[in-house]
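Trainee: I am new to this structure and would like a close look at one part of it, the strands and how they pair. Could you take me through that part slowly, and then show me what lies around it?

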Amino acid sequence: MHGDEALWYDPEPDDSRRGQVLRAAAACPVQALRVEGVNVRQAMPATKPMRAGDDSFRRAGRIVIVGASLAGLRAAAKLRQEGFTGSLTLIGDEPYAPYDRPPLSKQVLDGWVPAQRTALPRPGDLDAQWRLGEPATGLDLARKQVRFADDEVGFDRLLIATGVRARPWPDPSEAALDGVFVLSARGDAVGLRRRLAARPRRVLIIGAGFIGSEVASVCRELGLAVTVAERGPAPLAGALGRVVGVIAGDMQRDHGVDLRCGVTVTALEGDTGRRLRRAHLSDGAIVDVEVAIAALGTLRNVEWLQDSGLAAGPWGVACDAGARAVTVDGMVADDVFVAGDVARSPHPLYDFQFLALEHWGNAVAQAEIAAHNMISSQTERWPHLAVPEFWSTQFSTEIKSVGVPTFADEVVIEQGSTADRRFIAVYGRRGRITAAVAFNQAKWLEFYERLIERAAPFPLDFRAVDQPDGREPVPAEIPDQPVLMQEATVVVTGHDPSGRHAQFVDRER
Ligand SMILES: Cc1cc2nc3c(=O)[nH]c(=O)nc-3n(C[C@H](O)[C@H](O)[C@H](O)COP(=O)(O)OP(=O)(O)OC[C@H]3O[C@@H](n4cnc5c(N)ncnc54)[C@H](O)[C@@H]3O)c2cc1C
């Protein structure tokens, strides 16, 4: 175990791990049960009686889910659980059954869990048609058809859950060098694991966000020399601000990472055999490396929605708090829903700003809300109001957050000690609490989540357990969010209210 509340990712722990599992289970607020070989319709009867308005759709409607991963699978299970007995089709461009991504940058990479053991638990009888390895290529909203290269499939209601992919290294010929990786899908993890197991002399990680930092951590666990190049002032600063980022940076250096902040990688250079050999940095340094991981953030999988009429672009797919997709006109498209990493929806706690959250817990919660709303009448629908949560495991530290740390102007270390790397940082904006981040102190987060929900005053006006002396809020120093590339411009045309429409135009036009 890393940290006293951590549980290794291991679907089948043997007896020697019994003590660890029991300790982790005792610390876990969620009691997880794995149920195998169960017919979900018998085991999980409809939680609500059918209502007249929805009855025929619940019985015989056609639902198509594009994106057969975490959000897609959880939505499908929820639909069946709530009594949807119509036809259900899951479309995925990857050839595998849905699998879990968090272990790819942790337990798969360090060799603890083979990649094929990351399959997500699947209810025994989901009774769905699976079209795996088949990318959806288009959406015809008027005819309610999802297009493939050669055919199409019709729907009454559609869920878009196509997630994100890793942003590639921008120079295609350098990206193609042997030894250059991204990490987003199972195949990436398999290839990178194989290369790390061959013990390269030095690994370069470009970008110290969560995934880059987790990979650096695994490399150090494997005893590999690692250089991390980060454009910002500190690791994780983009997500947690500079104050907490500096603590994460100290942690990296203590674990032997050659961390270089405020620099970019300007070029990757290969030998005559097109094998990666060195990297050039913006400060003039040259680093000899055999493996490089571009951890530069993500791109949203929305290309297939081009010209669909939905508000889909580099920001993701806009939807309302009930997960209903929004059209380019800003209207709600009644029969199209969105969930998971690809979605961008307004959150009342955060000034109704449209948030895109690439978090496991958000994908699950939003998918279940979307599924419920797909088969409910307007008055029975639920809003997605969960407080965002995130976790990461790196350098023997369990980092967890609730709320949105980037939505803050100040931060204070409210509990514990940064020197011991056991603390809670609380974030506030204009006098109210908006987020909390725990390093090896996750047990307190639920308490802070309640405060965030109540928009409690910031800084807190009571004495917390293990409060450091002289605590004082300081600027959170959240760096500017990166500007979206290839951002679309929207124009409005027409004069008469019945003829006014918005449409995307290319910037160049
Ligand atoms: C390496 C890694 C580590 C992570 N670690 C953590 C963590 O520690 N904590 C945490 O909270 N979150 C973590 N995450 C994020 C978490 O895994 C995601 O939030 C979650 O997977 C989102 O689920 P999703 O179903 O929305 O999207 P995805 O899991 O991205 O699934 C989308 C699916 O849709 C498919 N698809 C895309 N386009 C099409 C198309 N046109 N047709 C058909 N299918 C298509 C994709 O190939 C993919 O299979 C991590 C992610 C990665 C990559």
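**Strands, turns and the ligand shell**

Mentor: Let us begin with a pair of strands in this predicted model: β9 and strand β16, the latter made of residues 291-294, pair in the parallel sense over two bridges. Within this pairing, Val180 stands opposite Ala292 in β16. The pair belongs to an open sheet of five strands, which follow one another in the order β9-β16-β10-β11-β12 with parallel pairing. The edges of that sheet are β9 (180-181) and β12 (258-261), each of which pairs on one side only.

Before β12, it is worth pausing at a helix. Helix α8, residues 237-254, has 18 residues, yet its end C-alpha atoms are only 18 Å apart, whereas a straight helix would reach 26 Å at 1.5 Å a residue. A kink of about 90° is found in α8, centred on Val243. Of the 18 residues of α8, 14 are buried, so the helix is largely enclosed by the rest of the structure. Just after α8 comes Gly256, which takes a positive phi of about 90°.

A second set of strands pairs in the antiparallel sense, and strand β25 is a good place from which to view it. β24 and β25 are joined in that sense over six bridges, and in one of the pairings between residues Phe390 has Ser401 of β25 as its bridge partner. The two strands form a hairpin with two residues between them, and in the turn Phe395 has a positive phi of about 50°. β25 also pairs with strand β28, residues 432-439, through five bridges, and these two strands run antiparallel. Here Gly403 has Ala435 in β28 as its bridge partner. How many of the seven residues of strand β25 are buried? Seven of the seven, residues 397-403, are buried, so β25 is largely enclosed by the rest of the structure.

β24 also leads us to the ligand. β24 (389-394) supplies at least two residues of the shell around the ligand, and so do α4 (70-81), β2 (87-92) and α9 (360-374). There are 35 residues around the ligand, and those that come nearest are Gly67, Ser69, Arg101, Gly163 and Gly340. Sorted by class, the shell has 17 nonpolar, 13 polar and five charged residues. At least three residues of the shell come from domain 2 (40-165 + 300-380), and at least three come from domain 3 (175-296).

Some details of the backbone in the loops complete the picture. Most residues other than glycine have a negative phi, and most peptide bonds are trans. Lys144, which is not a glycine, nevertheless has a positive phi of about 55°, and its place is in the loop between β4 (138-140) and β5 (145-147). With 18 other C-beta atoms within 10 Å, Lys144 is partly exposed. Arg421 likewise has a positive phi, near 55°, in a residue other than glycine, and its place is in the loop between β26 (410-417) and β27 (422-429). Arg421 has 20 other C-beta atoms within 10 Å and is buried; this follows because a residue counts as buried at 20 or more such atoms. Finally, a cis peptide bond with omega of about -5° joins Phe458 and Pro459, and Pro459 has its place in the loop between α10 (445-453) and β29 (474-475).

Key:
Residues numbered from 1 in each chain as written. Predicted model: local features only at pLDDT ≥ 70, side-chain atom pairs only at ≥ 80, totals over all residues. Near = placed C-beta within 6 Å. Helix = DSSP H or I, 4+ residues; strand = E, 2+ residues; numbered from the N terminus. Nonpolar A, V, L, I, M, F, W, Y, C, P; charged D, E, K, R; others polar. Domains from an automatic or database assignment. Buried ≥ 20, exposed ≤ 12 C-beta atoms within 10 Å, placed from the backbone. Pairing = 2+ DSSP bridges. Expected span 1.5 Å × (residues − 1). Bend = angle between axes of the 7 residues up to and from the residue.
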